[in-house]
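Please open the model in your viewer with the cartoon and the side chains available. The stops below go from one selection to the next.

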Amino acid sequence: MPEPHLNGAYYGPSIPPPLKTYHRPGHGGGGGGCCCNPFTCCCSCIFNCICTCIFQILCTLLIIIAVVGFILWFVLRPNKVNFHISDASLTQFDFSTKNNTLHYDLHLNVSIRNPNKRIGIYYDSIEARAMYHGQNFSIVKPDPFYQGHKNTTDLKLVFTGQDSVQLGSEYDFEKGTGVYQIGLRLYLRIRFKFSWIKTKKIKPIINCDLKVPFKGNGTFKRTQCNLDW
């Protein structure tokens, strides 16, 4: 309501003009948002796409490999090949302390059983080593052969001759008992065959720990061997 002693209306003091504010683009937050570099955004998107594609491809390959492996296993139903020493004969095992020479005559029969119905085995290379308490004293190399489905093959090994070795007190003890702890190690190079498909060569090792009686000191007991890859 205007005062009576004033000429005209009075509306209070004058209002100062508003201050002008300036915002530089790209600095600070609050209302203006951020400006994105298009090149950086494109690179990030491409990288994410590549990673996603690689992950999907790897997952697909793993699934395919798993399915193929299951199908092969279901069709072939592979079983382990069994190695046994079915017979052993030791007619000479004399050690001379004068020149550390071992004279030996050892005959072994290795029974190899392939129980698989659809898988044959190529024995491309066989190296048989006769050992006494960790020391090799003879090596023979039988001829290669092929073993068919559900087949048992007898492999005859003959170790005869002499070799220079270092033997300890175990020899005297076992000579007294008439039973020698002899090891047989087979180094194989084999391939598996299914229909017309042949695998690459693999190199398993067969270990056999034997207790072989000297002639006339008992009967050899059939012994199972162990597979070592």
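Select D94 first, and then H103, which is the bridge partner of D94 in β2. This is a predicted model, in which local features need pLDDT of at least 70 and side-chain atom pairs count only at pLDDT 80 or more, while totals for chains, interfaces and linings use all residues. Residues are numbered from 1 along each chain as its sequence is written, and side-chain values use heavy atoms, with hydrogens and water left out.

Widen the selection to strand β1 (residues 82-96) and β2, which pair in the antiparallel sense over 13 bridges; strands are DSSP runs (E, at least two residues), numbered from the N terminus, and two of them pair if DSSP finds at least two bridges between them. The two strands form a hairpin with 4 residues between them, and in the turn N100 has a positive phi of about 50°.

Next, select T101, whose bridge partner in β6 is S164, and extend to the whole of strand β6 (residues 151-164), which pairs with β2 in the antiparallel sense over 14 bridges. Strand β2 (residues 101-114) has 11 of its 14 residues buried, so it is largely enclosed by the rest of the structure; buried means under 20% relative accessible area, with a 1.4 Å probe and protein chains only.

Finally, move to I190 in strand β7 (residues 179-194), a buried residue with a relative accessible area of 6%. Leaving aside residues up to four places away in sequence, I190 touches I121, Y122, Y123, K200, K201, I202 and P204, where contact means heavy atoms within 4.5 Å. Add S125 to the selection: its C-alpha atom is separated from that of I190 by 7.1 Å, although the two residues are 65 residues apart along the chain.

How values were computed. Buried < 20%, exposed > 50% of the residue type's maximum accessible area, 1.4 Å probe, protein only.
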